[in-house]
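Student: Please choose one part of this model and take me through it closely. I am new to the structure, so a slow and connected account would help me most.

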Amino acid sequence: VHVAESGGGLVQPGGSLRLSCAASGSIFSINAMGWYRQAPGKERGLVADITSGGTTNYADSVKGRFTISRDNAKNTVYLQMNSLKPEDTAVYYCNAQIMASAWLGADYWGQGTQVTVSS
């Protein structure tokens, strides 16, 4: 199983970016998928997650600015980030709770993608 993010980059304050994360390999099903971020000198923390049924959860710091969505047919989760602030600068990681069978599953992480918000 492989999880890979894409879509990071440099953006000015107030700008937008869209991150994508696709899971591939031997996948029976995927439960929750989510985005986490880690800024220099800080711990990794939840940005947003989404269940297979579409229930979403957001960190208070991104509510109203970020939107998480997923395409179950493509095993892909997205993070639309609007009104970006310098404090959103971090490495963003994708997490997926992947079932290889009906009774065997594990958490998988992507390699991370850098998001830098700066003028």
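Tutor: Ser 83 is partly exposed because its relative accessible area of 41% falls in the middle class, where buried means under 20% relative accessible area, exposed means over 50%, and partly exposed lies in between, for a 1.4 Å probe and protein chains only. The model is a predicted one, in which local features need pLDDT of at least 70 and side-chain atom pairs count only at pLDDT 80 or more, while totals for chains, interfaces and linings use all residues. Residues are numbered from 1 along each chain as its sequence is written, and side-chain values use heavy atoms, with hydrogens and water left out.

Ser 83 lies in the loop between β8 and β9 (90-99), where a strand is a DSSP run of E with at least two residues, a helix is a run of H or I with at least four, and the numbering starts from the N terminus. The phi of Ser 83 is near 50°, a positive value in a residue other than glycine. Most residues other than glycine have a negative phi, and most peptide bonds are trans.

At the other side of β8 we find Asn 75, in the loop between β7 and β8, and its phi too is positive, near 50°, although the residue is not glycine. Asn 75 is partly exposed, with a relative accessible area of 23%. It belongs to the hairpin of β7 and β8, which has 4 residues between its strands. The two strands of that hairpin run antiparallel and are joined by 6 bridges, and two strands are said to pair if DSSP finds at least two bridges between them. Within this pairing, Ser 69 stands opposite Tyr 78 of β8.

From the hairpin we can widen the view to the sheet that holds it. Its 4 strands follow the order β1-β3-β8-β7, and the sheet is open with antiparallel pairing. The strands at its edges are β1 (2-6) and β7 (66-71), each of which pairs on one side only. Inside that order, strand β3 (residues 17-24) is joined by 6 bridges to strand β8 (residues 76-81), the two running antiparallel, and Leu 19 has Leu 79 in β8 as its bridge partner. On its way to the other edge, β3 meets β1 through 5 bridges, again in the antiparallel sense, with Ala 4 standing opposite Ala 22 of β3.

The two edge strands also repay a look at their faces. Along β1 the side chains alternate, so that Val 3 and Glu 5 point to one face and are buried, whereas His 2, Ala 4 and Ser 6 point to the other face and are not. In β7, Phe 66, Ile 68 and Arg 70 make up a covered face, while Thr 67, Ser 69 and Asp 71 make up an uncovered one.

Asn 75 also gives us a link to another region, for it is 31 residues from Arg 44 in sequence and 23 Å from it in space, C-alpha to C-alpha. Arg 44 sits in the loop between β4 and β5 and is partly exposed, with a relative accessible area of 34%. Leaving out residues up to four places away in sequence, Arg 44 touches Tyr 36, Arg 37, Gln 38, Tyr 93 and Trp 109, contact being defined as heavy atoms within 4.5 Å.

The strands on either side of that loop, β4 and β5, pair antiparallel over 5 bridges, and Gly 34 has Asp 49 of β5 as its bridge partner. Their hairpin has 6 residues between the strands, and Gly 41 in it takes a positive phi near 80°. Next, β5 is joined by 3 bridges to strand β6 (residues 56-58), with the strands antiparallel, and here the bridge partner of Ala 48 is Tyr 58. The hairpin of β5 and β6 has 5 residues between its strands, and Gly 54 in it has a positive phi near 100°.

One last residue takes us to strand β11 (residues 113-117), where Thr 116 is found. Thr 116 is partly exposed, with a relative accessible area of 25%. Apart from neighbours within four places in sequence, Thr 116 is in contact with Gly 9, Leu 10, Val 11 and Thr 89. Thr 116 and Glu 87 are 29 residues apart in sequence, and their C-alpha atoms are 9.0 Å apart in space.
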